[in-house]
Amino acid sequence: MFLGSRARLRTAVIAAAVGAGVLTAATPAAAAPAAGTRAYLVITAPGDTAAAKTAVGSNAGTVFSSYDAIGVIVAHSGAADFASKMRTVSGVQKVGATRTSDVPAAAANPAIPDAKPQTTPPATSEPLQTDMTQIGADRAWAVNPGSPNVTVGVLDTGVDDLHDDLKANFDAANSASCAYGKLDTRAGSWRDVDTHGTHVAGTVAAAKNGRGAIGVAPGVKIASVRIAEPVTTLFFPENTICAMVFAGDRGFEVTNNSYYTDPWLFNCPDNADQDAILEGVKRAVAYAEGKGVLNVAAAGNENYNLANKTRDTKSPNDSTAVQRNITNACLSVPTEVAGVVTVASITSANGKSAFSNYGTDKVHIAAPGNQVYSTVPGGGYGRKDGTSMASPHVAGVAALLKSVNPTATPAQLRQLLATQADDLNCTDSRCSGTTAKNNFFGEGRVDAFAAVDTGTPPGPSFENTADVAIPDAGAAVTSPITVSGVTGNAPATLKVDVNIVHTYRGDLVIDLIAPDGTAYRLKASSGDSADNIVTTYTVNASSEVANGVWNLKVQDVARVDTGYINSWKLTF
């Protein structure tokens with residue numbers, strides 16, 4: 001699946017359920033746009049938007065939102081000559097309509113999507129999926145599951161933050177909606193208006209908790225930036241621009257973009273409207289990368305050679321599509337924007353997925369995209385096909401790379417993804433290039449284990465995934481792990497991975513209790529009001545005999561907020 005109406009493959013949901021900074025929040029409700037109102041990008045020099053904003057009002061338009069740092073204004077107007085008049089304004093570089101349909105009335109007062117009832121009971125097992133073994137993710141988890149200091153922004157249809165397999169890693173404080181092209185940080189604005197974004201999020205970072213599915217990087221954070229509009233689930237250019245700027249301002253390490261910006265499958269620079277779209281999205285992507293964000297995107301599902309463009313029969317997809325001839329100057333965005341890691345899809349047999357786009361110097365890397373099992377809203381799980389499913393595998397590996405190399409730049413992460421990829425042979429006559437690099441798979445299949453392999457094998461690990469409720473302002477609770485078969489004492493660098501779900505983590509005091517009863521303080525109480533603790537502590541336990549019963553001791557020392565020990569692990 002790859003949204004933006006790019007061969008949506010909605011029939012690919014095989015199993016709906018298994019088991020039972022610079023920007024400000026959206027303004028209060030305004031008058032709904034009148035029928036015939038269209039949205040436009042007005043492009044100026046970065047930081048020089050004031051005169052253009054005045055001109056918008058003088059030419060029968062209104063400023064809906066603006067991204068001054070990149071010189072992009074989102075304007076609404078019902079005047080047929082708005083664009084032509086604005087193009088004559090001094091300082092205005094480009095102007096283009098972003099839609100061929102009216103701006104929805106809901107843009108003035110966006111509804112917050114309903115929280116999905118968690119109707120599917122939590123899973124009771126966590127079967128290992130072939131896509132994860134195919135890229136070595138199962139081996140990677142034993143070394144480094146990813147750092148909670150790394151955040152992957154899921155720019156998509158939204159994410160079900162209540163899902164049992166996502167809630168521990170979900171970052172509500174850095175989630176928002178950019179639907180209609182204006183930032184909305186109200187609680188819940190990020191929720192899924194489809195199923196696509198929740199599925200993508202699970203592939204990136206579903207928790208390794210003994211239940212359901214496991215993401216490529218189960219230790220990192222997920223932030224949802226909803227850019228799809230409800231009902232249509234379309235991703236318009238102003239939405240993408242808003243999300244990229246937000247990702248940069250919030251300091252995401254990685255974004256995943258499993259869509260193309262509607263309504264044009266390809267945007268051609270010889271069309272004034274599409275030329276403005278190209279410029280606006282390019283600037284937003286560059287802004288995010290300049291803030292340290294690596295952007296990863298799906299290649300698309302048309303089985304199309306992106307390096308030999310001739311025809312587009314799918315655009316515009318918000319009104320009536322017409323067939324048109326195109327050239328390689330026409331680009332799918334953000335997929336073909338400079339700096340974006342473009343991901344093709346492969347089968348479990350390492351062949352090109354039948355639907356996957358390809359192209360010399362267009363595809364950078366490949367990942368599994370057929371029958372991918374992941375989370376869906378309401379607590380369930382499902383399988384989907386598409387480059388949309390391949391891309392989050394790469395975003396997850398990029399998050400692992402950033403976890404291991406916290407100072408790495410986006411350019412360095414791109415290079416590491418390429419050099420660590422596993423070479424794949426061509427699989428049919430359309431494939432050209434070498435095994436090391438070709439138009440089907442780019443640099444090859446992404447490798448999660450290589451991303452974390454430091455050459456030093458980890459010691460044995462012991463884990464307890466049973467939930468233990470933490471009483472509010474009550475007595476301490478413990479969760480035991482029995483260690484056996486380890487010779488001698490524990491190491492001076494004993495790793496204690498802690499996953500606690502709690503609505504005010506500052507209330508918690510956490511200790512590691514050695515078999516002889518010695519307590520090692522991991523965390524004291526504090527004023528930290530954020531949710532959850534998903535982190536790794538290092539303890540000098542070299543004076544302790546390794547074998548025996550170790551306990552994680554947790555106490556809630558203040559009232560109101562509650563939670564539970566989700567899981568914890570010792571690595572010797």
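A residue is taken as buried when its relative accessible area is under 20%. In the predicted model examined here, Phe441 has 0% relative accessibility and therefore counts as buried, and Phe440, for which the value is likewise 0%, falls into the buried class on the strength of that cut-off.

These two residues also take part in the aromatic contacts of the model, for which a search of the whole structure returned 10 pairs. The ring centres of Phe440 and Phe441 are separated by 5.8 Å and the ring planes meet at 85°, so the arrangement of this pair is edge-to-face. A further edge-to-face pair is made by Phe462 and Phe572, with a centre-to-centre separation of 5.9 Å and an angle of 85° between the planes. This second pair connects distant parts of the chain, since Phe462 belongs to strand S16 (residues 461–464), whereas Phe572 is found in the segment that follows strand S24 (563–571), the two residues being 110 residues apart. Phe462 and Phe572 are both buried. Around the pair described at the outset, the grouping extends to a tyrosine, in that Tyr358 joins Phe440 and Phe441 in one aromatic cluster.

Charged side chains are also placed over aromatic rings in the model. Lys352 is positioned over the face of Phe440, at 5.6 Å from the centre of the ring, and Phe440 is thus a residue that combines this contact with membership of the aromatic cluster. Elsewhere, the charged end of Arg139 lies over the ring of Phe449, at a distance of 3.8 Å from the ring centre.

Burial is also a feature of strand S3 (residues 72–77), in which 6 of the 6 residues are buried, so that the strand is largely enclosed by the rest of the structure. The covering applies to both faces, with Val72, Val74 and His76 buried on one side and Ile73, Ala75 and Ser77 buried on the other. Strand S3 is paired with two strands, S1 and S2. Strand S1 (residues 38–44) runs antiparallel to S3 and is joined to it by 6 bridges, among which Val42 has Ile73 as its bridge partner in S3. Strand S2 (residues 61–67) is likewise antiparallel to S3, with 6 bridges between them, and Tyr67 stands opposite Val72. The connection from S2 to S3 takes the form of a hairpin with 4 residues between the strands, and within this turn Gly71 adopts a positive phi of about 70°.

How values were computed:
Residues are numbered from 1 along each chain as its sequence is written. This is a predicted model: local features need pLDDT of at least 70, side-chain atom pairs count only at pLDDT 80 or more; totals for chains, interfaces and linings use all residues. Side-chain values use heavy atoms; hydrogens and water are left out. Rings of Phe, Tyr and Trp (its six-membered ring) pair if their centres lie within 6.5 Å; planes under 30 degrees apart count as stacked, over 60 as edge-to-face and the rest as tilted. Buried means under 20% relative accessible area, exposed over 50%, partly exposed in between (1.4 Å probe, protein chains only). A charge sits over a ring if NZ of Lys or CZ of Arg is within 6 Å of the ring centre and within 35 degrees of the ring normal. Two strands pair if DSSP finds at least two bridges between them.
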